[in-house]
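Visitor: Please take one part of this protein and look at it closely. I would like to see how that part sits in the chain as a whole.

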Amino acid sequence: CKDCPVDTYNDKEDTTECTECPDNKISSEGSKSISDCKLEICGVGKYRTAQNECKDCPVNTYNDKEDMTECTQCPDNKKSSGGSKSISDCKLEICGKGKYRTKQNECKDCPVDTYNDKENTTECTQCPDNKKSSFVE
């Protein structure tokens, strides 16, 4: 006699045939009943869909608990990559050259006739006399 492999079960005596667990359910080796087929636990950084599938949390969200049906939005204009597992994965966007950080932690373009040649600053510098800049998209 051999045990049924992972994700299958055998609930009949005197047979060697194993039956696959229903969609999105898993079982351990040697399972003897359909009740041994359980939903996969969605780990941190994932959420359970309405179709009982485990998916990575979308960009700019995180999930620090197992088996949740939704992910938590990153706070205050912070960004994260998909599958983030903790609020600490939510980081402020880097405001590049030509931009500045507002008090609301948003990155904005420097106004006309100002510039910024550094990253992550909170203000832009006025252009020198007789010099102009324009808004570039």
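Guide: P111 lies in the loop between β12 and β13. In this predicted model, P111 has a relative accessible area of 47%, which makes it partly exposed. Over 50% would count as exposed and under 20% as buried, so a value of 47% belongs to the class in between.

The loop has other residues to look at. D113 lies there too, and the strands on either side of the loop are β12 (107-109) and β13 (114-115). Phi of D113 is near 70°, a positive value, and D113 is not a glycine. Most residues other than glycine have a negative phi. D7 is another residue of this kind, with a positive phi of about 70° although it is not a glycine. D7 is found in the segment before β1 (8-9). With a relative accessible area of 31%, D7 is partly exposed.

C110 also belongs to the loop between β12 and β13, and this cysteine is bonded: a disulfide joins C110 to C124, with 2.0 Å from S to S. A disulfide is a covalent bond between the sulfur atoms of two cysteines. The torsion about the S-S bond of C110 and C124 is about -80°, so this disulfide is left-handed. C110 lies in the loop between β12 and β13, while C124 lies in the loop between β13 and β14 (125-126), so the pair ties together parts that are 14 residues apart in sequence. Both C110 and C124 are buried, whereas P111 is partly exposed.

C127 needs a separate word. The closest cysteine sulfur to that of C127 is in C110, and the two sulfurs are 9.1 Å apart, too far for a bond. The rule for a disulfide asks for sulfur atoms within 2.5 Å, so the 9.1 Å between C127 and C110 does not meet it. C127 is nevertheless buried, at 14% relative accessibility.

Now for the rest of the disulfides. By the rule of 2.5 Å between sulfur atoms, the count comes to seven disulfides. One of them joins C57 to C71, with an S to S distance of 2.0 Å. The link of C57 and C71 has -80° about the S-S bond and is left-handed. C57 lies in the loop between β6 (54-56) and β7 (61-62), and C71 in the loop between β7 and β8 (72-73), so this pair ties together parts that are 14 residues apart in sequence. C57 has a relative accessible area of 2% and is buried. C71 is buried as well, with a relative accessible area of 18%.

Another disulfide joins C74 to C90, with 2.0 Å from S to S. The torsion about the S-S bond of C74 and C90 is about -65°, so this disulfide is also left-handed. C74 lies in the loop between β8 and β9 (78-79) and C90 in the loop between β9 and β10 (91-92), so the pair ties together parts that are 16 residues apart in sequence. At 7% relative accessibility C74 counts as buried, and C90 counts as buried at 5%.

The loop of P111 can now be placed in the whole chain. The protein has zero helices and 14 strands. Its radius of gyration is 27 Å, well over the 14 Å that the globule rule gives for 137 residues, so the protein is more spread out than a compact globule. The C-alpha atoms fill a box of roughly 95 × 20 × 20 Å along the principal axes. P111 and D11 show the distances that occur in the chain: they are 100 residues apart in sequence and 72 Å apart in space, C-alpha to C-alpha.

Some totals complete the picture. Of the contacts with a separation of 6 or more, 18% are between residues 24 or more positions apart. Buried residues make up 24% of the 137 residues. The accessible surface comes to about 10,000 Å², and 45% of this surface belongs to carbon and sulfur atoms. The protein has 21 positive and 28 negative charges, and the mean positions of the two groups are 8 Å apart.

Terms used:
Residues numbered from 1 in each chain as written. Predicted model: local features only at pLDDT ≥ 70, side-chain atom pairs only at ≥ 80, totals over all residues. Heavy atoms only, no water. Helix = DSSP H or I, 4+ residues; strand = E, 2+ residues; numbered from the N terminus. Rg over C-alpha atoms; globule rule 2.2 N^0.38 Å. Buried < 20%, exposed > 50% of the residue type's maximum accessible area, 1.4 Å probe, protein only. Contact = heavy atoms within 4.5 Å. Areas by Shrake-Rupley, 256 points an atom, 1.4 Å probe, with all protein chains shown as cover. Lys, Arg positive; Asp, Glu negative; His and termini not counted. Charge placed at Lys NZ, Arg CZ, Asp CG, Glu CD.
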